[in-house]
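Welcome, and thanks for opening your viewer. Please load the model, switch to a cartoon view and keep the selection box handy.

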Amino acid sequence: MVLAGLGRQLNSALNSFSKAAVVDEKALDALLKDISKALLESDINVKLVGGLRNKVKSRSLKEIKEASASANHQKSKQIVQKAIFDELVALVDPQEEPYKPTKGKTNIIMAVGLQGAGKTTSCTKLAVHYQRKGFKVGLVCADTFRAGAFDQLKQNATKAKIPFYGSYTETDPVAISEAGVQQFKKSKFDVIIVDTSGRHKQEEELFEEMRMISQAVKPHMTVLVMDGAMGQAAESQASAFKESSDFGSIIVTKMDGHAKGGGAISAVAATKTPIIFIGTGENLHDIDTFRPRPFVQQLLGMGDMQGLLEHVQDVAMSDPDKQKQLAKKFEQGNLSIRDWAEQIKNVTKLGPISKIAGMIPGLNADMIGQGGDDEASKRIKRMLFITDSMTEKELESDGTTFLRKGKDGKYVGLSRRALRVARGSGTSLREIEELLVQYTMMKSGILNMMKGQAGGGMKPGQP
Ligand code: GDP
């Protein structure tokens with residue numbers, strides 16, 4: 001999962017805070033200390049961390065004092081958790097709208113960034129992304145400095161069936177970019193992506209070259225490609241690029257694995273530029289749209305329903321009827337246990353569970369962290385075994401059939417049906433409970449998303 005280490009630390013800080021008996025200034029300070037430590041260890045700039053700490057404290061202290069006076073500790077906790085959530089979102093959201101390509105017109109995108117950042121790979125990933133959305137996309141290789149750059153782009157583009165332009169003989173990157181863009185323009189391409197060089201003998205020459213290419217092709221959007229593993233240096237690097245190429249968006253790569261990511265996050269604040277995508281692997285499909293709120297929700301184990309839906313819809317693309325049915329069910333909030341199981345099956349087809357799990361509410365970094373991919377896959381497989389032991393009626397239900405009501409009409413535990421299903425599937429009542437929690441979380445996540453307030457409850461890992 002993206003930034004699993006940071007997610008784990010934030011979760012653990014919030015979890016111990018949510019268990020505190022009394023919420024007072026001392027408890028708030030202790031929580032903020034843990035949160036700050038986690039952020040600093042992830043390479044987030046010390047000033048930004050200090051700012052977050054002060055804002056959360058000044059926002060919540062008065063309110064928690066009032067709530068605590070009436071011993072309403074639950075309310076105090078919610079106030080603090082909401083303040084932390086909002087400030088984490090603010091950290092990755094510069095409140096700037098990035099450029100969005102429109103069909104039927106030429107959209108020129110120029111990629112800049114240091115060599116090795118993942119520029120060529122990201123250009124092809126971007127091309128694949130837009131092509132899947134129905135754009136006619138072409139790639140131009142303007143990196144004449146690095147031998148083999150054109151071959152690399154050609155190879156990637158051929159693999160992804162994307163038209164490309166480049167030259168083995170022309171050494172002027174400005175001439176190549178101009179010619180490539182002209183050619184694709186003439187053939188009415190919607191999106192033209194220009195990959196530039198990431199290294200020169202001297203940095204100033206690199207920046208000068210970028211300026212000249214930019215003047216020649218007049219990009220609608222310049223995107224800075226940054227390595228997510230880059231530490232504190234990311235900020236000054238981004239500022240230097242901003243001066244010479246005035247990029248309007250950022251792609252952070254290599255956010256799979258153990259990237260700390262904080263350097264790139266600090267670069268967002270320093271340049272007030274939004275991240276548009278994150279790279280999550282070497283594969284051409286390993287690219288995720290970046291949205292600040294779902295990103296923080298995912299980090300805090302609250303899932304990312306919108307991201308999940310995009311992935312699921314990609315899988316469902318091959319069956320438009322099914323996709324329509326699904327959209328209707330989502331709209332009405334009518335998800336049955338069977339629908340839930342189907343979605344989980346679809347999601348597991350998308351790749352290693354550690355990449356997807358963060359999007360599913362409840363399957364947070366903790367779960368992946370403890371047992372790794374294998375353990376998480378096993379748990380999910382066992383949940384699917386459970387659904388195999390359900391009757392048709394149970395599968396079509398909303399799960400309440402597995403709950404037992406007390407005299408006052410409130411649910412007090414699991415029903416005999418649940419016991420039967422647990423026995424039939426060789427699982428335990430605990431696992432049935434876990435399945436019902438997962439199902440409820442997905443359902444309420446979808447409902448919240450439909451109501452435009454994705455995220456819902458604030459307690460990490462809770463419905
Ligand atoms: P460029 O010099 O900036 O064009 O960088 P490349 O596109 O050649 O990428 C450098 C290396 O990083 C290559 O080995 C890529 O496969 C790898 N890479 C790029 N993006 C990602 C990513 O999101 N995740 C991982 N794990 N590797 C990546």
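How many residues does helix α8 have, and what distance does helix α8 reach from its first C-alpha to its last? Select residues 203-217 to find out: α8 has 15 residues and reaches 21 Å between those two atoms, close to the 21 Å expected at 1.5 Å a residue. Bear in mind as you go that this is a predicted model.

**Around helix α8**

Keep α8 selected and colour Leu206, Glu209, Met210, Ile213, Ser214 and Val217, which are its buried residues. Now look down the helix axis: the buried residues of α8 fall within an arc of 135°, so they line one face of the helix. On the face turned away from that buried side you will find the exposed residues Glu204 and Gln215.

What do the buried residues of α8 pack against? Add β1 (107-112), β4 (191-195) and β5 (221-227) to the view, together with the helices α7 (173-186) and α9 (233-245); these are the packing partners. Before leaving, click on Lys218, which follows α8 and has a positive phi, near 45°.

**On to helix α10**

Next, select residues 262-271, which form helix α10. Is this helix mostly covered or mostly uncovered? It is mostly covered, with 9 of its 10 residues buried. Among the buried ones are Gly262, Gly263, Ala264, Ile265 and Val268, and Thr271 also belongs to this set. Here too a lysine comes after the helix: Lys272 follows α10, and its phi is positive, near 50°.

**The ligand shell**

Now centre on the ligand. Which of the 18 residues around the ligand come nearest? Show Gly118, Lys119, Thr120, Thr121 and Gly279 as sticks, since these are the ones to look at. Then highlight helix α5 (residues 119-132), which gives the most to the shell, with 3 residues. Colouring the shell by residue class gives 1 nonpolar, 12 polar and 5 charged.

**Zooming out to the domains**

Finally, colour the protein chain by its division into domain 1 (4-92), domain 2 (107-297) and domain 3 (301-450). The centres of domain 1 and domain 2, taken over C-alpha atoms, are separated by 36 Å. The contact between this pair takes 12 residues from domain 1 and 17 residues from domain 2. On the domain 1 side, select helix α4 (residues 73-92), which gives the most to the contact, with 5 residues. By class, the side of domain 1 that touches domain 2 divides into 8 nonpolar, 3 polar and 1 charged.

Note on methods. Residues are numbered from 1 along each chain as its sequence is written. This is a predicted model: local features need pLDDT of at least 70, side-chain atom pairs count only at pLDDT 80 or more; totals for chains, interfaces and linings use all residues. A residue is buried if 20 or more other C-beta atoms lie within 10 Å of its own, exposed if 12 or fewer, and partly exposed in between; C-beta atoms are placed from the backbone. Helices (H or I, at least four residues) and strands (E, at least two) are DSSP runs, numbered from the N terminus. A residue is near a molecule or strand if its C-beta atom, placed from the backbone, lies within 6 Å of it. Ala, Val, Leu, Ile, Met, Phe, Trp, Tyr, Cys and Pro count as nonpolar, Asp, Glu, Lys and Arg as charged, and the others, Gly among them, as polar. The expected span of a helix is 1.5 Å times one less than its number of residues. The arc is that of the directions from the helix axis to the C-beta atoms. Two residues are in contact if their C-beta atoms, placed from the backbone, lie within 7 Å. Domain bounds come from an automatic or database domain assignment.
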